Amino acid sequence: MIHAEGVAAVTDTDFDTEVLGADRPVLVEFAADWCGPCRQLAPVLSAVAKEETARLKVLQIDADTNPETVTRYGVLSMPTLMVFHGGKPVKSMVGARPKRRLLQELEDVLG
């Protein structure tokens, strides 16, 4: 999986603890090695993770090696960005986007 600098990875094993049990909104990128747009999104995720660390937790999950979580949330395309808050998915976005647009799309969940 293309790793975004400063963004931790989660797996099927620790997803519930790290994402559903988090104390703030969590942005999860469902990504894969073969995904070109995932490569484009990596620096955007790194920047958002650094800038919004107090309000948002940013994580990545490898869709190829964590099929249980991918299936549970019906992820069909890479990259899929999902925001979880209070243990539930509250927003879903598909595809790469520039940082400014991503932050605009996250405003409603960041408050």
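F15 is buried, and F84 is buried too. In this predicted model, ring pairs tie F15, Y73 and F84 into a cluster. Around that cluster, the protein is built from four helices and five strands. Their order from the N terminus is β-α-β-α-β-α-β-β-α.

**Aromatic cluster**

- The count of aromatic pairs comes to three.
- F15 and F84 form an edge-to-face pair, because their ring centres are 5.4 Å apart and their planes stand at 80 degrees.
- This pair links distant parts of the chain. F15 sits in helix 1 and F84 in strand 4, 69 residues apart.
- Y73 and F84 are also edge-to-face, because their centres lie 5.0 Å apart with the planes at 80 degrees.
- Here too, distant parts of the chain are linked. Y73 belongs to the loop between helix 3 (67-72) and strand 4, while F84 is in strand 4, eleven residues apart.
- F84 has a relative accessible area of 1%, so it counts as buried.
- Y73 has a relative accessible area of 18%. That is under the 20% cut-off, so Y73 counts as buried.

**Nonpolar core**

- The largest nonpolar core has 40 residues. Within this core, L27, L45, L102 and L106 touch the most other members.
- At least two core residues come from each of helix 1 (15-20), strand 2 (26-31), helix 2 (36-51), strand 3 (57-62), strand 4 and helix 4 (99-110).
- Helix 2 is the top contributor, with seven residues.
- In soluble globular proteins, nonpolar side chains tend to be buried together.
- L27 shows how the core is wired. Beyond its neighbours within four places in sequence, L27 contacts L45, L56, K57, V58, L59, L81, M82, V83, M93, L102 and L106.
- L45, L102 and L106 are thus in contact with L27, and these four leucines are the residues that touch the most other core members.

**Strand 4 and strand 5 hairpin**

- Strand 4 (residues 80-85) and strand 5 (residues 88-94) run antiparallel. Six bridges join them.
- V83 of this hairpin faces K91 in strand 5. V83 is also one of the contacts of L27.
- Two residues lie between the strands. In this hairpin, G86 adopts a positive phi near 60 degrees.
- In a regular strand, side chains alternate between the two faces of the sheet.

**Overall shape and surface**

- The radius of gyration is 12 Å. A compact globule of 111 residues would have a value near 13 Å, so the protein agrees with that expectation.
- The C-alpha trace spans about 30 × 30 × 20 Å along its principal axes.
- Buried residues account for 49% of the 111 residues.
- Contacts often reach far along the chain. Among those between residues at least 6 apart in sequence, 73% join residues at least 24 apart.
- The accessible surface is about 5,600 Å². Carbon and sulfur atoms hold 51% of that surface.

**N-terminal segment**

- E5 lies in the segment before strand 1 (8-10).
- E5 has a relative accessible area of 66%, so it counts as exposed.
- E5 and D33 are 28 residues apart along the chain, and their C-alpha atoms are separated by 15 Å.

How values were computed:
Residues numbered from 1 in each chain as written. Predicted model: local features only at pLDDT ≥ 70, side-chain atom pairs only at ≥ 80, totals over all residues. Heavy atoms only, no water. Pairing = 2+ DSSP bridges. Core = buried A, V, L, I, M, F, W, Y, C linked by side-chain atoms within 4.5 Å. Buried < 20%, exposed > 50% of the residue type's maximum accessible area, 1.4 Å probe, protein only. Contact = heavy atoms within 4.5 Å. Phe/Tyr/Trp six-rings, centres within 6.5 Å; stacked < 30°, edge-to-face > 60°. Rg over C-alpha atoms; globule rule 2.2 N^0.38 Å. Areas by Shrake-Rupley, 256 points an atom, 1.4 Å probe, with all protein chains shown as cover.
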